[in-house]
Amino acid sequence: MRRSVTLIPGDGIGQSVTDAACRVLDATGVDLEWDRHLVGAPALERGAESPLPESVLASIREHGLALKGPVATPSGSGFRSVNVALRRELDLFAQVRPCRSRRSTPGLRTADIDVVVVRETTEDLYSGIEYASGEPATRELIAWLTTHGAAVHPDAGISIKPISGSASRRMLDFAFSWARDQGRRRVTIVHKATVMRATDGLFVTTAREVSREHPGIDVDERQVDLTAALLVARPEELDVLVMPNQYGDILSDVAAAMIGGVGLAPGANYGDAVAMFEPAHGTAPRIADRGIANPVATILSGVLLLRHIGEADAADRVERAVDAVLADGERVTYDLRPGRDLSGAATTSEMTDAIIERL
């Protein structure tokens, strides 16, 4: 049966890595139809009125599936994050980032890493509730906070961190269900409730309640700073990590670094009716348009898409092909070579060809 998938190339290296992923997924024989759309700066350059056109959201809602490349967010000014807006508009409340070590991957520190980071993606400091320094509303908020005993400098900018029991519960219920379905052994609740009792404390309390509804899975709790240290020192002790939004963004990059870099780390965003798959890495403007970007994270995001639609055999074949090319180590991009040496490295297209040949 043909499945339509919204394709969002993104910008920077997004075009090349999403093209690579589409080529590999098409080579499996699974009947996929790609509905291509632009967002971010490329959309504005083509005359769109918004960096996230309504037609993109309509396409994803219609198909229920999207494969997305990285999308840049202007730093300090310009439009707000398209990545955050997509998750908010589509109510994609849970993000899953698996980080598994792969045989003979240069840069790998530990040979036994199989960690999954699951984060809530609609709340926390990434929810976009901000007050810029010097604005009337900010001064009014600071005055109110000061009268209630808070020590806030008058020239401060303020970001608000909302965490609710309801949003935490649905993500945590998803995470525990996902862990059980994947045969995972343990879920670790990651937090900083010793400092942020009203927000992280609520997250931990909710996690304890939800864990009791999912017997058969071991549960422990760790503070975020100690979890980061454990990821580096003894990652084999960790399995599925669940946490609020910002911690998940940071710790998933730490876990990715432990397996050889974000170029090997896929990601998936889940809602009740829609799933969107994307690599963990950014747009890498320094190497954009040079044809040397690592396509593996986007290809493995495609593997997660295949599993989501019930094409487990095709997903297994792609994953084995990726592992074989990485193990061989000959036709890989520069970031996967010792010393990140460009000499003799494969281009994005050449590495994609090698993976397709392994299929």
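Beyond its neighbours within four places in sequence, valine 116 is in contact with Val96, Arg97, Pro98, Trp178, Arg184, Asp239, Val240 and Leu241. In this predicted model, valine 116 is part of strand β5, which spans residues 114–120. The relative accessibility of valine 116 is 1%, and the residue therefore counts as buried. A contrasting pair is formed with alanine 27: the two residues are 89 positions apart in sequence, and their C-alpha atoms lie 27 Å apart in space.

The chain as a whole contains 12 helices and 12 strands. Its radius of gyration is 21 Å, close to the 21 Å that the globule rule gives for 359 residues, so the chain is as compact as a globular protein of that length. Along the principal axes, the C-alpha atoms fill a box of roughly 65 × 50 × 45 Å. Of the 359 residues, 52% are buried. Among contacts with a separation of 6 or more, 73% join residues that are 24 or more positions apart. The exposed surface of the chain amounts to about 15,900 Å², of which carbon and sulfur atoms supply 49%. The chain carries 39 positive and 50 negative charges, and the mean positions of the two sets are 3 Å apart.

Strand β5 is followed in the description by the loop that connects it to β6 (130–131), where aspartate 124 is located. Although aspartate 124 is not a glycine, its phi is positive, at about 70 degrees. The relative accessible area of aspartate 124 is 1%, so this residue is buried. A positive phi in a residue other than glycine also occurs at alanine 284, with a value near 45 degrees. Alanine 284 belongs to the loop between β12 (275–277) and α10 (296–308). With a relative accessibility of 29%, alanine 284 counts as partly exposed.

Helix α3 covers residues 54–63, and its buried residues are Val56, Leu57, Ser59, Ile60 and His63. Because these residues cover an arc of only 160 degrees around the axis, they lie on the same side of α3. An α-helix has 3.6 residues a turn, so residues three or four places apart point the same way. Glu54 and Glu62 are exposed on the other side of α3. The packing partners of the buried residues of α3 are the strands β1 (3–8), β2 (32–36) and β3 (65–68), together with helix α4 (82–89). Glycine 64 follows α3 and has a positive phi, near 75 degrees.

Glutamate 89 is placed in helix α4. Leaving aside neighbours within four places in sequence, the contacts of glutamate 89 are with Leu52, Leu57 and Arg61. One of these residues, Leu57, is also among the buried residues of α3. Glutamate 89 and leucine 52 are 37 residues apart along the chain, and 10.0 Å separates their C-alpha atoms. The relative accessibility of glutamate 89 is 38%, and the residue counts as partly exposed.

Serine 211 is in helix α7, which comprises residues 200–211. When neighbours within four places in sequence are left aside, serine 211 is in contact with Phe176 and Val219. The relative accessible area of serine 211 is 15%; this value is under 20%, the limit for a buried residue, and serine 211 is therefore buried.

Helix α12 (residues 348–358) also has a set of buried residues, namely Thr348, Met351, Thr352, Ala354 and Ile355. They are placed on the same side of α12, because the arc that they cover around the axis is only 155 degrees. The buried residues of α12 pack against three helices: α1 (14–27), α10 and α11 (312–328).

Definitions and conventions:
Residues numbered from 1 in each chain as written. Predicted model: local features only at pLDDT ≥ 70, side-chain atom pairs only at ≥ 80, totals over all residues. Heavy atoms only, no water. Helix = DSSP H or I, 4+ residues; strand = E, 2+ residues; numbered from the N terminus. Rg over C-alpha atoms; globule rule 2.2 N^0.38 Å. Buried < 20%, exposed > 50% of the residue type's maximum accessible area, 1.4 Å probe, protein only. Contact = heavy atoms within 4.5 Å. Areas by Shrake-Rupley, 256 points an atom, 1.4 Å probe, with all protein chains shown as cover. Lys, Arg positive; Asp, Glu negative; His and termini not counted. Charge placed at Lys NZ, Arg CZ, Asp CG, Glu CD. Arc of directions from axis to C-beta.
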